[in-house]
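The exercises below can be worked with the sequence and the coordinates open side by side. Try each task before reading its solution.

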Amino acid sequence: MIALLANPAQIGHQADGHPERPERVAAVIEAIAKSDLGLVPEPAPDAPEALIQRVHDSSYVAMLDRAAASGGGYLDPDTYITELSMVAARTAAGAVVEGVHRVLDGKAQHVLAIVRPPGHHAEHAKAMGFCLLNNIGIGLVAARDRGIRRIAVLDFDVHHGNGTQHSFESDPEVFYASTHQYPFYPGTGRAADRGTHGNVLNLPLPAGTSDRAFLGAWEKKIGPAVDIFRPELLLVSAGFDAHEDDQLAGLEVTTNGYRELARMIKGWSIAHSGGRSVWALEGGYNLKALGDSVVACLEVLHHQATDGGGRVDSQADRG
Ligand SMILES: [Zn+2]
């Protein structure tokens, strides 16, 4: 079973002419509605404040709240905040937290949080790259509180998730893996950066990289590392801005490429994590490519969840 969680408050987080806009989530929800998936997103609650402050400095969160209360503006040249942005950000993180609870309670095998603002650039005390709160990181600490130790964060957004790496690179029980265009924003994510315990795997890709090399990186480099790490839970920073039609970046991944990647991630979840994964939307700025790619991934996850129950159990035992 798949659950979709959304944060309707995302609509209050918008700035004139900015590519990170409410229409992104609307396009995803519309593409799902037009598909044969039969899935409807449910609204998510706020993330508990205590979880937010395990990932972010309390004075940083207070600064964001003050900036919102005073009418908002730009925190850096890329990253805006509005009066309503913190409601959006708290429910975006809350969707990932709720998704973690759903899979750990056995109420869903896979969850997608269709949320914005995105999160993977947000550091412990710094907003950047359109991100205010690190949604996937806040979900990660929620899983820790449920007794889950080894957690893999798989980040296929075209940009390196500097915020997630920054917050967890010293934690030997977190494995962070990322493919990203390089050199490119935010400038981090060199292959030589392996984390304090070898628990980070960055696979920088040059502009123009297409499905073959992109999927090869996941299959031949990240897959074996996931097998060694044996995560109890997979968290996925699902950005779709590596798509060939995305206007913000220069990788050439196709919709079918994302479908193949979803098959791999599904397989790793079955092998190691009891068939469980929680995905959070990150980037993706071409509305059609974004909607189509999300549907392609959900078709893979949904097919497994409805047709593969017995196989999930037997393979999880072997894993
Ligand atoms: Zn991105």
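**Exercise 1. Place T164 in the predicted model and state whether T164 is buried or exposed.**

Solution. Start with the secondary structure: T164 lies in helix α6, which covers residues 162–168. Next take the accessibility. The relative accessible area of T164 is 2%, and the cut-off for buried is under 20%, so T164 is buried. Then list the contacts, leaving out residues up to four places away in sequence: T164 touches H120, N134, I136, V153 and Y176. Finally, a distance: T164 and M63 are 101 residues apart along the chain, and their C-alpha atoms are separated by 20 Å.

**Exercise 2. Do the same for D57: where is D57 found, and what does D57 touch?**

Solution. D57 is found in the loop between α2 (49–55) and α3 (58–69). With a relative accessible area of 26%, D57 is partly exposed. Not counting residues up to four places away in sequence, D57 touches H124 and A125. From D57 to F156 the C-alpha distance is 26 Å, across 99 residues of sequence.

**Exercise 3. Describe the packing of helices α4 and α5.**

Solution. Two packed helices are described by the angle between their axes and the distance between the axes.

1. Geometry: the axes of α4 (residues 85–104) and α5 (residues 135–145) come within 8 Å and cross at roughly 40°.
2. Hand: this crossing of α4 and α5 is right-handed.
3. Residues: α4 contributes A89, A92, A93, V96, V97, V100 and L104, which meet N135, I136, I138, G139, A142 and A143 of α5.
4. Class: the contact of α4 with α5 has 11 nonpolar residues, two polar residues and no charged residues.

Helix α4 also holds H101. H101 is partly exposed, at 25% relative accessible area. Between the C-alpha atoms of H101 and A242 there are 29 Å, for a sequence separation of 141 residues.

**Exercise 4. Which residues of the largest nonpolar core touch the most other members?**

Solution. In soluble globular proteins, nonpolar side chains tend to be buried together. Here the largest nonpolar core has 50 residues, and I32, L154, F156 and W279 touch the most other members. Helix α7 (residues 211–229) gives the most to this core, with eight residues. To look at one of the four, take L154: leaving aside neighbours within four places in sequence, L154 is in contact with A177, W218, I222, V226, L234, L235, V236, S237, I265 and W268. A second core, separate from the largest, has 47 residues, including A67, V97, V103 and I148.

**Exercise 5. Find where the cis peptide bonds joining R116 to P117 and Y185 to P186 lie, and give omega for each.**

Solution. For the bond that joins R116 and P117, omega is about 0°. P117 is placed in the loop between β5 (110–114) and α5. For the bond from Y185 to P186, omega is near 5°. P186 lies in the loop between β7 (174–181) and β8 (200–205).

**Exercise 6. F130 and R230 have positive phi although neither is a glycine. Are they buried or partly exposed?**

Solution. Phi is about 75° at F130, a residue of the loop between β5 and α5. F130 has a relative accessible area of 15% and is buried. At R230, phi is about 50°. R230 lies in the loop between α7 and β9 (233–238). The relative accessibility of R230 is 44%, which counts as partly exposed.

**Exercise 7. How compact is the protein for its length of 319 residues?**

Solution. First count the elements: the protein has 10 helices and 10 strands. The radius of gyration is 18 Å, close to the 20 Å that the globule rule gives for 319 residues, so the protein is as compact as a globular protein of that length. Along the principal axes, the C-alpha trace spans about 55 × 40 × 40 Å. As for burial, 59% of the 319 residues count as buried. For contacts with a separation of 6 or more, 78% are between residues 24 or more positions apart.

Definitions and conventions: Residues are numbered from 1 along each chain as its sequence is written. This is a predicted model: local features need pLDDT of at least 70, side-chain atom pairs count only at pLDDT 80 or more; totals for chains, interfaces and linings use all residues. Side-chain values use heavy atoms; hydrogens and water are left out. A nonpolar core is a set of buried Ala, Val, Leu, Ile, Met, Phe, Trp, Tyr and Cys residues joined through side-chain atoms within 4.5 Å. Buried means under 20% relative accessible area, exposed over 50%, partly exposed in between (1.4 Å probe, protein chains only). Helices (H or I, at least four residues) and strands (E, at least two) are DSSP runs, numbered from the N terminus. Contact means heavy atoms within 4.5 Å. Axes are lines fitted to C-alpha atoms, for helices over the stretch in contact, and angles run from 0 to 180 degrees between N-to-C directions. A crossing is left-handed if the near helix is turned anticlockwise from the far one by less than a right angle, and right-handed if clockwise. Ala, Val, Leu, Ile, Met, Phe, Trp, Tyr, Cys and Pro count as nonpolar, Asp, Glu, Lys and Arg as charged, and the others, Gly among them, as polar. The radius of gyration is taken over C-alpha atoms; the globule rule is 2.2 Å times the number of residues to the power 0.38.
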